[in-house]
Amino acid sequence: MAQRDERHQLPGPAGIIEACWENAESGRERWPQPLVAVIAHPHPLYGGAMDNKVVTTLARMYRRLGVAAVRFNFRGVGGSAGSHDQGRGEVEDMLAVVRWAQARAPESALLLGGYSFGSAIAAAVGENVAARHLALVAPPVDRYPYAPQGDFACPTSIVLGGADDIVAVGAVAAWAHQRPRVTDVIVLPEASHFFHGQLVALERELGAAVSAVLAASAS
């Protein structure tokens, strides 16, 4: 039986990148093409890392949908070399992880996901690679560039916490509704920016949205 979690050290632009590959759950390979999701963690200077509970929830969601999941630490976090680079180098880090994942599973289509700061990195990476879907959790769209061409490059789902005191939920929702490739704006009324006590709801609601997009693209 294949090991579910595999820890890796990947070559990156600032040195070693620490990453974790998680295999899709057995028996859930229901898509015409294999899929792999690469997930970006929240801000490194505020404790963000690949073992963050929202990031691991996203990885579990993907696995249960029959998608392999890759989590990784940005430069300067955990076992990853280098130091924080204000988002510029972090985009290069994620691109390196995407290239590694695609080389490991060249037959797979790509999904991208990110939480908070990591959602900005995932969105930027989505401008440079061909992805099937982009998932943005609690995106601080007033602090980082999202969809600089006016819309996203692929179908995009956004999840917001109704009790988020960091991201302005109403403003983000209004902004998202102006972008045709945003297929879902999911608001969890009781969720804070950190989704305390709301991880099950996050996985359920976002998982349903991702599944619907994948099913539509497979039909």
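# A walk through the fold, starting at helix α3

In helix α3, the buried residues are Phe117, Gly118, Ser119, Ala120, Ile121, Ala122, Ala123, Val125 and Gly126. That makes nine of the 10 residues in this helix, which spans 117-126, so α3 is mostly covered by the definition of burial as under 20% relative accessible area. Its buried residues pack against β3, α2, β5 and β6. Please keep in mind, as we go on, that this is a predicted model.

From α3 we can step out to the sheet. Eight strands make up an open sheet with mixed pairing, and their order is β1-β2-β4-β3-β5-β6-β7-β8. The edges are held by β1 (5-12) and β8 (182-188); each has a single partner strand, so one side of each is left without a neighbour in the sheet. From one strand to the next, the twist averages 20°. Strands of a sheet pair through backbone hydrogen bonds, either parallel or antiparallel, and you can find an example of each sense here.

For the antiparallel sense, look at β1 and β2, which pair over eight bridges. Two residues form the hairpin connection from β1 to β2. One bridge to look up is that of aspartate 5, whose partner in β2 is glutamate 22. For the parallel sense, turn to β3 (residues 35-40) and β4 (residues 68-72), which are joined by four bridges. Here isoleucine 39 has arginine 71 of β4 as its bridge partner. Helix α5 (residues 199-218) packs on the sheet, where it touches β3, β5 (109-115), β6 (133-137), β7 (156-161) and β8, and its direction makes about 170° with that of β8.

Back on the edge strand β1, glutamate 6 deserves a visit. Is this residue buried or exposed? Its relative accessibility is 18%, so glutamate 6 counts as buried. Its side chain makes a polar contact of 3.2 Å with the side chain of histidine 8. Another polar contact, of 2.7 Å, links the side chain of glutamate 6 with that of arginine 104. Beyond its neighbours within four places in sequence, glutamate 6 is in contact with Ala19, Cys20, Trp21, Asn23 and Arg104.

Next, follow β3 to alanine 40, which is found in that strand. With a relative accessible area of 0%, alanine 40 is buried. Setting aside residues up to four places away in sequence, alanine 40 touches Val55, Phe72, Phe74, Met94, Gly113, Gly114, Tyr115 and Gly118. Histidine 41 then sits in the loop between β3 and α1. This histidine also counts as buried, because its relative accessibility is 0%. A polar atom of the histidine 41 side chain lies 3.1 Å from the backbone nitrogen of phenylalanine 74. Apart from residues up to four places away in sequence, histidine 41 touches Gly48, Ala49, Met50, Val55, Phe72, Asn73, Phe74, Val77, Tyr115, Phe117 and Gly118.

The loop brings us to helix α1 (residues 53-64), whose 12 residues reach 16 Å from the first C-alpha to the last, close to the 16 Å expected at 1.5 Å a residue. Asparagine 52 caps the N-terminal end of α1, with a side-chain oxygen 2.8 Å from the backbone nitrogen of valine 54. Following the helix is glycine 66, with a positive phi near 90°. Within α1, the buried residues are Val54, Val55, Thr57, Leu58, Ala59, Met61, Tyr62 and Arg63. Their cover includes β2 (15-22), β3, β4, β5, β6 and α5.

Finally, consider the nonpolar interior. In soluble globular proteins, nonpolar side chains tend to be buried together. The largest nonpolar core here has 45 residues, of which Val38, Phe72, Met94, Leu112 and Phe152 touch the most other members. Helix α2 (residues 88-104) gives the most to this core, with eight residues. Phenylalanine 152, leaving aside its neighbours within four places in sequence, is in contact with Ala123, Leu134, Leu136, Tyr146, Ala147, Trp175, Arg179, Arg181 and Val182. A second, separate core holds 31 residues, including Val55, Leu65, Ala135 and Ala138.

Notes: Residues are numbered from 1 along each chain as its sequence is written. This is a predicted model: local features need pLDDT of at least 70, side-chain atom pairs count only at pLDDT 80 or more; totals for chains, interfaces and linings use all residues. Side-chain values use heavy atoms; hydrogens and water are left out. Two strands pair if DSSP finds at least two bridges between them. Axes are lines fitted to C-alpha atoms, for helices over the stretch in contact, and angles run from 0 to 180 degrees between N-to-C directions. Contact means heavy atoms within 4.5 Å. Buried means under 20% relative accessible area, exposed over 50%, partly exposed in between (1.4 Å probe, protein chains only). A polar contact is a pair of N or O atoms within 3.5 Å; within protein, one must be able to donate a hydrogen and the other to accept it, and residues adjacent in sequence count only if both atoms are side-chain atoms. The expected span of a helix is 1.5 Å times one less than its number of residues. A nonpolar core is a set of buried Ala, Val, Leu, Ile, Met, Phe, Trp, Tyr and Cys residues joined through side-chain atoms within 4.5 Å.
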